[in-house]
Amino acid sequence: MDSTATDRFDTSRFEASRNRLASLAYRLLGSAADAEDAVQDAFLRWQTADRQRIKEPEAWLTKVVTNLCLDRLRSAQARRERTVGAWLPEPLLDGDPMLGPADTFEQRETVSLAVLTLMERLSPLERAVYVLREAFSYSHAEIAEILDITESASQQHLHRARNRITTARRRGGDEVDLESARRIVEEFLAAASSGRTERLVALLTDDATAISDGAGLAEKLLQFDTAERIAAVARAGFKPTPAKRRLAGGTPAIHYALVNGAPAILFVLGDQVIGAVTFDITGGRIATVRGIAAPTRLVRLTESWRQHEPGTPLITRW
């Protein structure tokens, strides 16, 4: 095989692993854009490596991507950007290959917005061990090789990570019937649009929380932690006004969707997603509401939406 044919063959081997590597990087970083950058950096390293000496390409690529992500998580820039109260994971439309694997409840959990947010409380190594074990079923021996740690250290990191996430994951931790979830979200939207505060409060758990990036305009996330306050904010936020339409650039439609496995509503203007509101539901009520409208956080979701066949909007003209 000549060098050109070899390069094509090796490039094909990398491309066969790209989606898996991207889904690993997304879980580690919580950002599709950063995940794509990490995978591209890994590709450049793959191209310049002595590939004849790489006995197990998949293991080699996994190690490279994992450590590139750890470098990003440990960087001073990341520490500034990801300070508590100033960062939300990037939402992805269900069906995006970056959300895989999703065969088990544990795999789906590691890509939920709730758990991606909770993983910010972990150290980079704890996060890596948790993702490699829970989402990709690597053994502790394999994780130790990827991270250059001992098997005992891998086990300890996993134990701490599981404890921290389980302790904090009090709400929305169960699988939700999607038909019931849609009905609850539609009731929430109807109550918010009509200003029915009492109905909104009834749809929320007693310890509900709401988080918003303020359309990307706020320096810190906006957080609300009582059902009454959330209901008031939702009633005000979902009421259309000329000022809001000017800010949006027109009159969007509101669609129901699944985002990171959770029920959501999307504000769509033309073929552009300009806002996403996601819901964690437990016990038939809403535990967490997240509003994301920063344009940089909706780029990949919009790309997926353009390839998606949307159903009838919940609201045609908001």
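**Close-up views of the predicted model**

**View 1. Pairing of strands S1 and S6.** Leu204 lies opposite Ile286 of strand S6. The structure shown in this and the following views is a predicted model. Strand S1, residues 204-212, runs parallel to strand S6, residues 285-292, and 5 bridges join the two. Ser212 also takes part in a bridge, with Gly291 of S6 as its partner.

**View 2. Pairing of strands S1 and S2.** Between S1 and S2 the pairing is antiparallel, with 3 bridges. Ala210 has Phe224 of S2 as its bridge partner.

**View 3. The open sheet of 6 strands.** The strand order is S2-S1-S6-S5-S4-S3, and the sheet is open with mixed pairing. Strand S2 (222-224) and strand S3 (253-259) are the edge strands, each of them paired on one side only. Ignoring direction, the average turn between neighbouring strands of the sheet is 20°. In a regular strand, side chains alternate between the two faces of the sheet.

**View 4. Helices packed on the sheet.** Helix H12, residues 227-237, packs on the sheet and touches S1 and S2. The direction of H12 makes about 50° with that of S1. Helix H14, residues 299-306, also packs on the sheet, where it touches S3, strand S4 (262-269) and strand S5 (272-282). The direction of H14 makes about 95° with that of S5.

**View 5. The largest nonpolar core.** This core has 50 residues, and Phe14, Tyr26, Met119 and Leu147 are those with the most contacts inside it. Helices that each supply at least two of its residues include helix H1 (3-29), helix H2 (32-48), helix H3 (57-74) and helix H9 (151-168). Helix H6 (113-118), helix H7 (124-134) and helix H8 (140-147) likewise each supply at least two. H1 gives the largest share of the core, 8 residues. In soluble globular proteins, nonpolar side chains tend to be buried together.

**View 6. Surroundings of Met119, and the second core.** Neighbours within four places in sequence are left aside here. Met119 is then in contact with Arg27, Thr110, Arg127, Tyr130, Val131 and Ile165. A second core of 28 residues is separate from the largest one, and among its members are Ala181, Ile265, Phe267 and Trp318.

Terms used:
Residues are numbered from 1 along each chain as its sequence is written. This is a predicted model: local features need pLDDT of at least 70, side-chain atom pairs count only at pLDDT 80 or more; totals for chains, interfaces and linings use all residues. Side-chain values use heavy atoms; hydrogens and water are left out. Two strands pair if DSSP finds at least two bridges between them. Helices (H or I, at least four residues) and strands (E, at least two) are DSSP runs, numbered from the N terminus. Axes are lines fitted to C-alpha atoms, for helices over the stretch in contact, and angles run from 0 to 180 degrees between N-to-C directions. Contact means heavy atoms within 4.5 Å. A nonpolar core is a set of buried Ala, Val, Leu, Ile, Met, Phe, Trp, Tyr and Cys residues joined through side-chain atoms within 4.5 Å. Buried means under 20% relative accessible area, exposed over 50%, partly exposed in between (1.4 Å probe, protein chains only).
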